Amino acid sequence: MSFLKDISLKNKKEYHKAQNFLEMGNYAEALDIFNTLLEKNFHVFYVLSNLIIIHKELNSLNVLLDKINDLMNDKQYNREELLIQKGYVLYLLKDYDNAIECFDEVLNNDSDNLWACFYKFKVLKDMNVDANFNLLFLKIKECDPDYYLSLSLGEFFLELGLMEESLFCFDLSLKKNSKNCNALIYKGLCLKEMGMYDKSLNTLDTCLELDPNNLIAWNYKGTIYNLMGKYHDALECFDKCLSIDSNSVPAIVNKATSYFHLGNIDVSLKCCEFALKLDSTNCPVWDNYATFLFHANRLDESLNAYDHALELCPKNINLLKNKLILLFNMGKWEEVFIFADEILNFDNELDWVEDYKRLALEELNKSN
């Protein structure tokens, strides 16, 4: 009995060691340990959850899919756990029909399996199939999900814009593990989206008491101060981020926003230029840079920045709208007319875009 207990303790230590490697981005070391734990049939579902993260980063999900298929022939493994994770891998590979088959097989045997139900709803969302997400929420209330599943469900509802449901799940996760910084950060983000800024700050402060160097919490705290118009407080938060990681692009760009609202556009532009040196493929950075250039009356450079952003994110409706406003201000009527049509193909209920198109046509007729 003592021998078995020692083995279990050793496996737990190895699991946490692998998680630490994963958090540090040391995928090779984490992969070796998780593969060994998988062979030992140790908490297979959660070991596979971590392996999915690694293989997704390494673009090798098909390798993991083959491994799961091999394990399904071994009767010592729980078939339902393997089916759920196989379905999730198929979902990530965008093989939606086969993913749903996996989840349905589990649900046919166990209609209360919340993981299978949750992942099936994720697939339906990505397939743009109408789904009654309230059914998923009712299932959550009937079941007793652990903190990890509660957290995942909260993230999902947050993506859907269902804030009350999201907050419920994050609170449920924190009841299971009150020191879960991820749940505290997501709860803070949810409260921020609900406009409850003071409560959001309190939640993030609770996280920072547990982990004073949590970069994400400091960054979110700064963005909330920006929304509250407390730009100097925001700058303190972003400076704290940069003391932890001097190359944190989100903190640099958010700092640029603070300076912009304080009327220091030159510093805002320098912040964006530094961020673009660190990551020239970051669409939101190009968007912010273009906005600040526009307000600095450097219109040609602003247009160039928007074009860079749209090369990276060609279907980003906010970028398209921002570029249209710039073209209108530059008096480029032919481009306004063409670009307005492009936006209306995405959303034909934007009255102001129709107005821009009409005014551009009027100006073009005058010149003819």
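**Exercise 1. State whether lysine 221 is buried or exposed, then find its salt-bridge partner.**

Step 1. Lysine 221 has a relative accessible area of 11%, so this residue is buried. The model is a predicted one.

Step 2. The partner is aspartate 205. The closest N and O atoms of this salt bridge are 2.7 Å apart.

Step 3. Place the two residues. Aspartate 205 sits in helix 12 (residues 197-210), and lysine 221 sits in helix 13 (residues 215-228). They are 16 residues apart, and the pair links distant parts of the chain.

Step 4. Aspartate 205 has 27% relative accessibility and counts as partly exposed.

**Exercise 2. Name the residues that shared salt-bridge partners join into one network.**

Step 1. The network holds Lys125, Asp126 and Glu159.

Step 2. Set this against the whole structure, where a search finds 16 salt bridges.

**Exercise 3. Locate the two ends of the salt bridge between lysine 176 and aspartate 144.**

Step 1. The closest N and O atoms are 2.6 Å apart.

Step 2. Lysine 176 belongs to helix 10 (residues 163-176). Aspartate 144 is in the loop between helix 8 (133-142) and helix 9 (147-160). The two are 32 residues apart.

Step 3. Check accessibility. Lysine 176 is partly exposed at 38%, while aspartate 144 is exposed at 58%.

**Exercise 4. Find the disulfide and say which parts it ties together.**

Step 1. A search of the whole structure finds one disulfide. Cysteine 283 is joined to cysteine 313, with an S to S distance of 2.5 Å.

Step 2. Cysteine 283 lies in helix 17 (residues 283-295). Cysteine 313 lies in the loop between helix 18 (299-312) and helix 19 (317-329). The pair therefore ties together parts that are 30 residues apart in sequence.

Step 3. Cysteine 283 is buried at 7% relative accessibility. Cysteine 313 is partly exposed at 23%.

**Exercise 5. Explain why cysteine 117 has no bond to cysteine 143.**

Step 1. Cysteine 143 holds the closest cysteine sulfur, 8.4 Å from that of cysteine 117.

Step 2. A disulfide needs sulfur atoms within 2.5 Å. The distance is therefore too far for a bond.

Step 3. Cysteine 117 is buried, with a relative accessible area of 7%.

**Exercise 6. List the residues of the negative surface patch, then place glutamate 349.**

Step 1. Asp347, Glu349, Asp351 and Glu354 form the patch.

Step 2. Glutamate 349 is in the loop between helix 20 (333-346) and helix 21 (351-367).

Step 3. At 67% relative accessibility, glutamate 349 is exposed.

Key:
Residues are numbered from 1 along each chain as its sequence is written. This is a predicted model: local features need pLDDT of at least 70, side-chain atom pairs count only at pLDDT 80 or more; totals for chains, interfaces and linings use all residues. Side-chain values use heavy atoms; hydrogens and water are left out. Helices (H or I, at least four residues) and strands (E, at least two) are DSSP runs, numbered from the N terminus. Buried means under 20% relative accessible area, exposed over 50%, partly exposed in between (1.4 Å probe, protein chains only). Patches are made of residues with over 30% relative accessible area and no salt bridge: like charges are joined within 9 Å, nonpolar side chains (Val, Leu, Ile, Met, Phe, Trp, Tyr) within 5 Å. Accessible areas come from the Shrake-Rupley method with a 1.4 Å probe; for residues, only the protein chains shown count as cover. A salt bridge is a side-chain nitrogen of Lys or Arg within 4 Å of a carboxyl oxygen of Asp or Glu. Lys and Arg count as positive and Asp and Glu as negative; His and the chain ends are not counted. The place of a charge is taken as NZ of Lys, CZ of Arg, CG of Asp or CD of Glu.
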